[in-house]
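Load the model in a viewer and keep the sequence panel open beside it. The stops below say what to select and what is there.

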Amino acid sequence: MAKSVAKPAETIGEENNNASNVVTTNETVEIQAPAEHVKDETEISIEKKLIALYTLQQNDSKIDRIKIVRGELPLEVEDLEDEVAGLETRIDNYIQEIEMLDKQIADKQLAIKESQGLIKRYEEQQNNVRNNREYDALTKEVEFQNLEIQLAEKRIREFSAQLTMAKEEIENAQHELSDRRNDMEAKRSELTDIVAETELEEKELNNKSEQQQRLIEERLLIAYKRIRKNARNGLAVVPVERDACGGCFSYIPPQRQLDIKLHKKIIVCEFCGRILVDKELADSLS
Ligand SMILES: [Zn+2]
């Protein structure tokens, strides 16, 4: 029986190896008892650090939850704003194109009128020619103006086709724009509501986190932030729960669990790197 009582001392004394086990069984029991009840300075200091870290973690997790509720909304609103701006630019471009085409069509119509005027004049002049050469020259001029008219008419048909297309595009873009605008307004008001609901709480939590961070030494804080950034769920400090890491759920052997409970040093999960605290400490802060 005496040997089994001594067993825990072996595991506790891991750091100073088996030196303490050389002493007799009775003495080992005596040494073991205070080790469990009276905390030395290292233990108190480590315990304070763990408490500060776990408190910070709990606070930061609350902020994370608010952000999850807000979710992708800020990004969605931004995307919709970009889309709306893009469609407005597209519509502006079509408007300019339509104006340009209208002007080009008007120019060609004017050119046709001028040609028709010239043809009329040449045909009148043909009635007063002195010889065939003058008559033929005027006929050539008339033919040339007729060709000009045909060319202008061809251009007008091309411009008109472009105009029809641009007008269709503008109509489509306007439909899309009004849809996107509605989406944007809906998402915006959704976001405004959520922000209004959580703004004050988030501000308070951020203040608390800042205060809490001041209690933690820089080296630890940097580690905390690094682990938190890499962890999918934002958890850098987790309790041991049901013999497993509360972050990655990997099994933690009893010896390691005991080390964690002792608060002699800060222990991280060997699988996920998260800082581990014992359930008792975690429960006392929850
Ligand atoms: Zn883990």
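Is the crossing in which α3 passes α6 left-handed or right-handed? Select both helices in this predicted model, α3 at residues 41-70 and α6 at residues 218-230. The crossing is right-handed. The two axes come within 12 Å and cross at roughly 35 degrees.

Next, show side chains at this contact. From α3, pick Lys49, Leu53, Leu56 and Asp60; from α6, pick Leu220, Tyr224 and Arg228. These residues divide into four nonpolar and three charged, with no polar ones.

Stay on α3 and select the whole helix. Its 30 residues reach 44 Å from the first C-alpha to the last, close to the 44 Å expected at 1.5 Å a residue. Now colour the buried residues of α3: Leu50, Ala52, Leu53, Tyr54, Leu56, Gln57, Asn59 and Asp60. Leu53, Leu56 and Asp60 are thus buried and also take part in the contact with α6. To see what the buried residues of α3 pack against, add α5 (132-214), α6, β1 (237-241), β4 (275-277) and α8 (279-285) to the selection.

Move to the residue just after α3. Gly71 takes a positive phi there, about 55 degrees.

Then select helix α4, residues 73-126, together with α5, residues 132-214. How do α4 and α5 run relative to each other? Their axes come within 6 Å and cross at roughly 165 degrees. Angles over 145 degrees count as roughly antiparallel, so α4 and α5 are roughly antiparallel to each other. Their crossing is left-handed. The residues of the α4 contact with α5 divide into 31 nonpolar, 10 polar and 21 charged.

Within α4, centre the view on Gly86. Is Gly86 buried, partly exposed or exposed? Gly86 has 14 C-beta neighbours inside 10 Å. Being buried takes 20 or more and being exposed 12 or fewer, so Gly86 counts as partly exposed. Draw a C-alpha to C-alpha distance from Gly86 to Leu177: the value is 9.2 Å, although the pair is 91 residues apart in sequence.

Finally, zoom out to the whole chain and switch to a cartoon. The protein has eight helices and four strands. Read from the N terminus, the elements run α-α-α-α-α-α-β-β-α-β-β-α. Colour by burial next: of the 286 residues, 16% count as buried. In a contact map, residues 24 or more positions apart account for 70% of the contacts with a separation of 6 or more.

How values were computed
Residues are numbered from 1 along each chain as its sequence is written. This is a predicted model: local features need pLDDT of at least 70, side-chain atom pairs count only at pLDDT 80 or more; totals for chains, interfaces and linings use all residues. Axes are lines fitted to C-alpha atoms, for helices over the stretch in contact, and angles run from 0 to 180 degrees between N-to-C directions. Helices (H or I, at least four residues) and strands (E, at least two) are DSSP runs, numbered from the N terminus. A crossing is left-handed if the near helix is turned anticlockwise from the far one by less than a right angle, and right-handed if clockwise. Two residues are in contact if their C-beta atoms, placed from the backbone, lie within 7 Å. Ala, Val, Leu, Ile, Met, Phe, Trp, Tyr, Cys and Pro count as nonpolar, Asp, Glu, Lys and Arg as charged, and the others, Gly among them, as polar. The expected span of a helix is 1.5 Å times one less than its number of residues. Angles under 35 degrees count as roughly parallel, over 145 as roughly antiparallel, 65 to 115 as roughly perpendicular and the rest as oblique.
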